[in-house]
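Q: Please take a close look at one part of this protein for a reader who has not seen it before. Pick a place where the backbone does something worth pointing out, and set it in its surroundings.

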Amino acid sequence: MKKQLLLTFIFFLSLNAFAQVKFEKGYFIDEFNNKVDCLIKNHDWISAPNEIEYQLSNDDKIEVMSFEKMSSFQIYNTSHYYIKSLVAIDKNSTSEGFNPKIQNIILKVLIDGEASLYSYSDFYFYKSNRGNIKQLLYKKFVTADYKLQEDNAYQRELYTYLNCGQNITEIRKLKYKKKNLIGFFKNYNECKSLPYSVFSDKETKFAYNFNAIGGITFSKGTFEVTRRISIPSSVDLLKIVQDAESDNISTSFMIGMEVEILLPYKKNKLALFMAPNFQKQKFEMSSVYKNGFIKLYAETNYFYFSLPVGLRYYFDLKNSSKIFIDASANAMFMIDVEEITSSTGNSQPTVISQGDLVYDKISTGICLGLGYKFNDKYSISGIFYPYKSLSNTRVLEFGIKGSYKLF
């Protein structure tokens, strides 16, 4: 089990190693205030990068530029516009008062105009009338007499410097959240009829897919029966069945739904998914008892609800096509388990009812997948279980799964 978990962990780490990124048109301003038009590698960063990779043209070699040697960069038609600025910043949001330090930090531009808005981690800054960039301060702290207190200094700042006469009520109710602040700066620039550009609208956002899924799997089982079945006392069925492998390749069909959440990272290439489905599997085995004269048979039927939860990574191809890899951890909930056993000494098989069986009601598995998706609607993938346990049966399984996007 530890080896399978290690394999899955390495698989997850490899998602970043094979991540696809492209060079896109943009520019940077160097330390001498020169604008350099170039192609910048778009990693679709979540936080501000410390450096960029760029090419002056498609045929030139790839260069690396540190933010220490530039003042800003932008990738056109994206949300990635960053500037370096010397600001007074207070990073302690749980203490009373304003205790700033002067630092050179990299700010992400959310709105650029006469009234501009910037972000740095969970802190927000602004600039108006071509002035200096200043922090919008908000704090929540506990006073000396153990009372929770809020300091909405950002509201006072905006009332003083960005009051257009029509937004007083808006300022009083304004929350210190990205969405609310962006809306306020949009409204202010429009109130003053000032030109502005919104970069936050181009950010990669969460997306959702709801898919119908179906598939077929092929399995080989190794039995581990943990109880004794009543047959002639000279036969120890427990020891025999523990080491027995199934005689047949079990074929199982699955049907279910998949919910896929595309994360706001690397242009929605990384996704979380959950794919609840139903499956039924049948295993048959036979084993010769140690004296060589008595042959034992067992047939086990499992009907269960499977709930895989995992990660998926997409790689773009041409013509609206993608390939993807995924990995998931599965929980399988037994709905019905039936076992039939017999021996050469008994002409009639013995049917063991669900109530008489000793079995695990919840089982686990790890699944790896490799697939192809077309037009963001149809997909087909190969799946492999390096580890899967169905109650008393260890399973080696592979199969084919298809999906169709409903909405």
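A: The answer below goes from the whole protein to one loop residue, and then to a second residue in another loop.

The model is predicted. The protein contains five helices and 23 strands. Of its 407 residues, 44% are buried. Among contacts with a separation of 6 or more, 59% are between residues 24 or more positions apart. The accessible surface is about 22100 Å², and carbon and sulfur atoms contribute 54% of that area.

The part chosen is the loop between strand 2 (35–42) and strand 3 (51–55), where aspartate 44 is located. Most residues other than glycine have a negative phi. Aspartate 44 is not a glycine, yet its phi is positive, at about 50°. Is this residue buried or exposed? Aspartate 44 counts as buried because its relative accessibility is 7%, and buried means under 20%.

Lysine 266 can be set beside it. Lysine 266 sits in the loop between strand 15 (250–262) and strand 16 (270–274). Its phi is positive too, near 50°, and lysine 266 is likewise a residue other than glycine. With a relative accessibility of 9%, lysine 266 is therefore counted as buried.

To sum up the part in question, aspartate 44 lies in the loop between strand 2 and strand 3, has a positive phi of about 50°, and is buried at 7% relative accessibility.

How values were computed
Residues are numbered from 1 along each chain as its sequence is written. This is a predicted model: local features need pLDDT of at least 70, side-chain atom pairs count only at pLDDT 80 or more; totals for chains, interfaces and linings use all residues. Side-chain values use heavy atoms; hydrogens and water are left out. Helices (H or I, at least four residues) and strands (E, at least two) are DSSP runs, numbered from the N terminus. Buried means under 20% relative accessible area, exposed over 50%, partly exposed in between (1.4 Å probe, protein chains only). Contact means heavy atoms within 4.5 Å. Accessible areas come from the Shrake-Rupley method with a 1.4 Å probe; for residues, only the protein chains shown count as cover.
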